[in-house]
Amino acid sequence: MHPHPHDTDTDTCVEDLRTALEANGITLPSLGVDLPTFAGALPTRPLIALGNCNQATARALISALRKAAAR
């Protein structure tokens, strides 16, 4: 695998998102870098994989987003 020009940027983004979610009591266990786009030959930024979550986590995410939008 060739190093992607945005390795650090992507990792930082994932960790910032994880921290922000945790500050709202939300954990997405599958949160990470989407490996196929990270390892791809195209010069696009890798995608962030949010992964699957249960209904309770989805509702917590909805609540946090609604609170932020209402500010």
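**View 1. Cys 53 and Cys 13, two partly exposed cysteines.** Cys 53 has a relative accessibility of 37% and counts as partly exposed. Cys 13 is also partly exposed, at 40%. No disulfide turns up in a search of the whole structure. The model is a predicted one. Cys 53 returns in a later view, among the residues that Leu 28 touches.

**View 2. The whole chain, built as α-β-α-β-α.** Three helices and two strands make up the secondary structure. Read from the N terminus, they follow the order α-β-α-β-α. The chain has 71 residues, and 17% of them count as buried. About 5,300 Å² of the chain is exposed, and carbon and sulfur atoms supply 59% of that area. Take the contacts between residues at least 6 apart in sequence: 47% of them join residues at least 24 apart.

**View 3. Confidence along the chain, with a mean pLDDT of 86.** A pLDDT of at least 70 is reached by 85% of the residues. Helix H3, residues 55–70, has the highest confidence, at a mean of 95. Helix H2, residues 35–39, has the lowest, at 79.

**View 4. Thr 10, a buried residue of helix H1.** Helix H1 spans residues 7–23 and includes Thr 10. The relative accessibility of Thr 10 is 5%, so this threonine counts as buried. Beyond its neighbours within four places in sequence, Thr 10 is in contact with Val 33, Pro 46 and Ile 48.

**View 5. The salt bridge between Glu 15 and Arg 18.** The structure holds one salt bridge. The side chains of Glu 15 and Arg 18 form it, with an N to O distance of 3.5 Å. Both residues belong to helix H1. They sit three residues apart, about one turn of the helix. Glu 15 is partly exposed, at 41% relative accessibility. Arg 18 is partly exposed too, at 24%.

**View 6. The largest nonpolar core, with six residues.** Its members are Val 14, Leu 21, Ile 26, Leu 28, Leu 31 and Ala 64. Nonpolar side chains tend to be buried together in soluble globular proteins. Leu 28, one of the six, touches Arg 18, Leu 21, Leu 50, Cys 53 and Thr 57, leaving out residues up to four places away in sequence.

**View 7. Leu 50, in the loop between strand S2 and H3.** Strand S2 covers residues 48–49. Leu 50 has a relative accessible area of 44% and is partly exposed. Not counting residues up to four places away in sequence, Leu 50 touches Leu 17, Leu 28, Ser 30 and Leu 31. Two of these, Leu 28 and Leu 31, belong to the largest nonpolar core. Arg 18 lies 32 residues from Leu 50 along the chain. The C-alpha atoms of this pair are separated by 9.8 Å.

**View 8. Thr 57, a buried residue of helix H3.** Thr 57 lies in helix H3, the helix with the highest confidence. Its relative accessibility is 16%, so Thr 57 counts as buried. Setting aside residues up to four places away in sequence, Thr 57 touches Ile 26, Thr 27 and Leu 28. Ile 26 and Leu 28 are both in the largest nonpolar core.

Note on methods. Residues are numbered from 1 along each chain as its sequence is written. This is a predicted model: local features need pLDDT of at least 70, side-chain atom pairs count only at pLDDT 80 or more; totals for chains, interfaces and linings use all residues. Side-chain values use heavy atoms; hydrogens and water are left out. Helices (H or I, at least four residues) and strands (E, at least two) are DSSP runs, numbered from the N terminus. Buried means under 20% relative accessible area, exposed over 50%, partly exposed in between (1.4 Å probe, protein chains only). Contact means heavy atoms within 4.5 Å. Accessible areas come from the Shrake-Rupley method with a 1.4 Å probe; for residues, only the protein chains shown count as cover. A disulfide is a pair of cysteine sulfur atoms within 2.5 Å. A nonpolar core is a set of buried Ala, Val, Leu, Ile, Met, Phe, Trp, Tyr and Cys residues joined through side-chain atoms within 4.5 Å. pLDDT is the predictor's confidence in each residue, from 0 to 100. A salt bridge is a side-chain nitrogen of Lys or Arg within 4 Å of a carboxyl oxygen of Asp or Glu.
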